[in-house]
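Here is a short briefing for a reader who has not met this structure before. Please keep the sequence and the 3D view at hand while reading.

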Amino acid sequence: MEALRQPIVCVLGHVDHGKTSILDSIRGTSLMKKESGGITQRIGATEISIQRIIEISGGKISSKMFKIPGLLFVDTPGHVAFANMRTRGGALADIAILVIDINDGIMPQTVESINILRKFKTPFIIVANKIDTLAYFIKPENTSFSEFLKEQRQEYIDELDNKLYAIINQLYQHNLTADRFDRITDFTKNVSIVPSSAKYSIGILEILMTISGLAQRFLTPSIALINNLAKANVLEIRREESLGMTLDSILYQGKLKTGMAVYVNTSEGPKETKIKALFTNVSSKSTKVTERSVVNSASGVRIAISDKLDVIPGTTLIEAKGDIDSIIKELQEESQVKIDLDEHGITLKADTLGSLEAVAFELGTRGIKIRSTQIGEISKRDLIDVSTLPDQMDRILAGFNVDLSTDAKNNLMNYDVAVVASKVIYSLIEEIEKWLKNKKEEMDEESKQGMPIPSKLVIMPEYIFRAAKPIIVGVKILSGRIKVGDNMIRDDGKYAGTIKSIRDGEVSKRFAEAGQEVAVAIDGVTLNRQISADQPIYVDITEDVVKKLKERSLDEKTMETLEEIIKIKRKENIFWGTRV
Ligand code: GDP
């Protein structure tokens, strides 16, 4: 049996559902009561040895059940962080915990997390957190979930089951079959739910055991300890006074040594550099950073490099050994954005490659098209580019986790472009959807206003106020809609004046609809010469409008009027309205 490394675990879930608290609880003192040791705070991650888990279980599990040396929890929770930590095979995390507040159930970021976990094919367990908030809760002596349950009243147990069933139902609607971990027989078909309280550390043991079991069962090939080529995922780049460039990373394959030549991904492509120094933390009691000459996978590690390079977070650091060309190729491939672009759509900017893809993925599920994507802050150049796009529906810039440059901020008012920005994917998408909807309505209204609508009206002989320059008369709109600016024709196709203004009592209007009686000023003709009260007149339309109108749903009477107008036009030209 080949050796395995620690599986890397990431915690995901909706905001405030308890991701940070679960991580704290896992690292927490309650687990360390008996003795310290077995839990090691690394840079960017926390390591828990399998011995430690066995110890906390109080004899429930034995070392024979596990081949993994322990678990490595990534300290940064959230699905965006998860999407940002990549390896060639997909996500850096081998396994995930999806935290759901037992009262809130599935929320937008829970769905986003499920989508991302599916996309990366990452196995996960669900933690139903905050079970201490349910009615009839009795604060326990023992914090393992099964022991805790024994101390609770039947009312509490029923309440817990009701809440769990509600969540199981919601998950089912997202095509996930899940059940309480201790009721599952087939782990290949069901997702385990571990009820927990991060506040009282209830269920933490079961979380650790379920993850270890899942890792043991499903991950063996992917977590085999491969020692030939060191690979680490760079989480964060720091510039330290004394050390220069340091990369907080998670080493997931092989071993790193000081002096080793490595390749990193920079904004200018893959670059070679040397490891100057390596650091890890020792214990959770000490925040002291310890220098090491060798670090084994999997581990959190701070890597000081000898060159000042603009390393991209979320990318891989690879030991420079063997086939250098293929290392360079691997790094080049990982920095390419894999997003389907359309000719039309929004312009998207984000802070990292991973978040760009995560947002693009969510936009895709909502049917929102993307025209262009870029990493980095929103610049004045972006404002210029997007505001000059010919299609008004494309004039929107969406920023995820990015700011506007000062130049862009100062010039925002000068450009016809909508800028929406957020640090939360679903809020960003809501804002984009709102803007697209409003813009569409606005444009529909504009095109309605601009386009003549077939309409027929008659002059009411009892309301003639002026006969010329302009004619002012009361009219009844028989069908469709007239508007200021419409040219009118008679039933023989001759010009019948232009509508200069419309009034309904005191109120000046831009439109009048079928059924309304309004006063209008008609210019360009004289009453009882070109037009008269005994002849209906029509709104003149052009041939290109006919085609557009036929695509729209007009009411029956307006359609009839359109047919009448077409007939009038065809007296002059038998092909009128057939060519466009
Ligand atoms: P995150 O945004 O998912 O990381 O959530 P946090 O861990 O920051 O928790 C959000 C809030 O819920 C905080 O006020 C926590 O104290 C509270 N909280 C987290 N876990 C529990 C729990 O098990 N029980 C109770 N009662 N409150 C909790």
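The points below cover a helix, a ligand site and a sheet. The model is predicted. In it, helix 1 (residues 19-27) has several buried residues and gives 3 residues to the shell around the ligand. Elsewhere, 4 strands form an open sheet with parallel pairing.

**Helix 1**
- The buried residues of helix 1 are Lys19, Ser21, Ile22, Leu23, Ser25 and Ile26.
- These buried residues pack against five strands and one helix: strand 1 (8-13), strand 3 (45-49), strand 4 (70-74), strand 7 (95-101), strand 8 (124-129) and helix 7 (204-218).
- Residues three or four places apart in an α-helix point the same way, because each turn takes 3.6 residues.

**Ligand site**
- The ligand has 16 residues around it, and Gly18, Lys19, Thr20, Ser21 and Lys199 come nearest.
- By type, the shell holds 3 nonpolar, 8 polar and 5 charged residues.
- Helix 1 supplies the largest share of this shell, with 3 residues.
- Lys19 and Ser21 are among the residues nearest the ligand, and both are buried in helix 1.

**Open sheet**
- The order of the strands in the sheet is 21-20-22-23.
- Strand 21 (370-375) and strand 23 (418-422) are the edge strands; each has a single partner strand, so one side of each lacks a neighbour in the sheet.
- From one strand to the next, the twist averages 20°.
- Strand 20 (residues 346-350) and strand 22 (residues 396-400) run parallel and are joined by 4 bridges.
- Alanine 350 has phenylalanine 400 in strand 22 as its bridge partner.

Conventions. Residues numbered from 1 in each chain as written. Predicted model: local features only at pLDDT ≥ 70, side-chain atom pairs only at ≥ 80, totals over all residues. Buried ≥ 20, exposed ≤ 12 C-beta atoms within 10 Å, placed from the backbone. Helix = DSSP H or I, 4+ residues; strand = E, 2+ residues; numbered from the N terminus. Contact = placed C-beta atoms within 7 Å. Near = placed C-beta within 6 Å. Nonpolar A, V, L, I, M, F, W, Y, C, P; charged D, E, K, R; others polar. Pairing = 2+ DSSP bridges. Axes fitted to C-alpha atoms, helices over the stretch in contact; angles between N-to-C directions.
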